[in-house]
Amino acid sequence: EISLGLVGSEMCIRDRSFILCPADTALRIQKCYYVPLVEPFGLPDPRIVSAMRDVVAPLQKDITPHRLVWIDRTGSRKTTSRSPDLMKRVERLGYERIQTEDLGFIEQFHLFSHTRVLAGPHGAGFANLIWMRPGTHCVELGSALYGSGLYLTLARQAGITNTPALLDLPWRHFASKFYGAYLPLQLSSPDEVRLLDTLQEAAAR
């Protein structure tokens, strides 16, 4: 309830109330608004992105983004975080390792409002690009063989520079019955060097 109240306050939702229901509750909803998708891949509607950013802009007017954030996907199939040597090098560049699933909505909004560079393996954590300020940067680790363009599009709509760090992966990494964005637990030396160089360049901007 406290979290929902904070969300309502931060998002300026003052004329509505939240209804908390047990998971097994059946509700009859008279009217439901559905946010349309632009393309089958689920690329975000620029009107929705713009409206959401307009709502939070007054809350960010005095914020100067300064944090370098690496989204840690430990436990995910899309992870490089089990490569301790690589993660130590990433941290030496000044990046904080963050697991977004450990943060509440307000914590994520606050973190990414202060983020100057966001980096990590392709995944849902990059949806937080929507809270980052125009002129900031992100480095999305993915594969040259796969890419939905979702976060590239979101970054472009939000005025954020997206620099893909593309890996050279064999086809065996794409056997998933879903969309198959597997990333290896250990990067090859050329991929590792390329990623670290990209992170260093982003941090120096």
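User: Which residues does E140 touch, leaving out those up to four places away in sequence?

Analyst: In this predicted model, E140 touches G120, H122, F126, Y151, L152, N162, T163, P164 and A165. E140 itself is found in strand β4, residues 137-143.

User: Why is E140 called buried or exposed?

Analyst: Happy to walk through it. The relative accessibility of E140 is 11%, and buried means under 20%. The value falls under that cut-off, so E140 counts as buried.

User: What makes the E140 and N162 side chains a polar contact?

Analyst: The distance is 3.2 Å between the two side chains. A polar contact needs a pair of N or O atoms within 3.5 Å, one able to donate a hydrogen and the other to accept it. The E140–N162 pair therefore qualifies as a polar contact.

User: Let's turn to rings. Why is the pair F105 and W131 called edge-to-face?

Analyst: By the ring rule, the count comes to three aromatic pairs. For F105 and W131, the centres are 5.8 Å apart and the planes stand at 90°. Pairing asks for centres within 6.5 Å, and planes over 60 degrees apart count as edge-to-face. Both conditions are met, so the pair is edge-to-face. F105 sits in helix α4 and W131 in the loop between β3 and β4, 26 residues apart, which is how the pair links distant parts of the chain.

User: How do you know whether F105 and W131 are buried or partly exposed?

Analyst: They fall into separate classes. F105 has 34% relative accessibility, and partly exposed lies between 20% and 50%, so F105 counts as partly exposed. W131 has 6%, which is under 20%, so W131 counts as buried.

User: What makes F109 and W131 a ring pair?

Analyst: Their ring centres are 5.4 Å apart, and the limit is 6.5 Å. The planes are at 80°, so this pair is edge-to-face. F109, also in helix α4, is 22 residues from W131. At 8% relative accessibility, F109 counts as buried. Ring pairs thus link F105, F109 and W131 into a cluster.

User: Which residues of α4 are buried, and what covers them?

Analyst: The buried residues of α4 are Q108, F109, L111, F112 and S113. Their cover includes α2, β1, β2 and β3.

User: What makes β1 mostly covered, and how do you know that β1 pairs with other strands?

Analyst: Four of the five residues of β1 are buried. For pairing, at least two bridges are needed. β1 and strand β3 (residues 115-121) have four bridges, in the parallel sense, with R67 opposite T115. β1 and strand β2 (residues 96-98) are joined by three bridges and also run parallel; there, the bridge partner of W70 is R97. Both counts reach the required two, so both are pairings.

User: Which residues touch the most other members of the largest nonpolar core?

Analyst: The core has 20 residues, and F112, L118, F126, L129, C138 and I160 touch the most other members. The elements giving two or more residues are α2 (46-56), β1 (67-71), α4 (105-113) and α5 (150-158). The largest share, four residues, comes from α5. As for C138, residues touching it include L118, F126, L129, A155 and I160. A second, separate core of 17 residues includes A119, L195, L196 and A202.

User: What pattern does the chain follow along the sequence?

Analyst: The chain follows α-α-β-α-β-α-β-β-α-β-α, with six helices and five strands. Of its 205 residues, 42% count as buried.

Technical notes:
Residues are numbered from 1 along each chain as its sequence is written. This is a predicted model: local features need pLDDT of at least 70, side-chain atom pairs count only at pLDDT 80 or more; totals for chains, interfaces and linings use all residues. Side-chain values use heavy atoms; hydrogens and water are left out. A nonpolar core is a set of buried Ala, Val, Leu, Ile, Met, Phe, Trp, Tyr and Cys residues joined through side-chain atoms within 4.5 Å. Buried means under 20% relative accessible area, exposed over 50%, partly exposed in between (1.4 Å probe, protein chains only). Contact means heavy atoms within 4.5 Å. Rings of Phe, Tyr and Trp (its six-membered ring) pair if their centres lie within 6.5 Å; planes under 30 degrees apart count as stacked, over 60 as edge-to-face and the rest as tilted.
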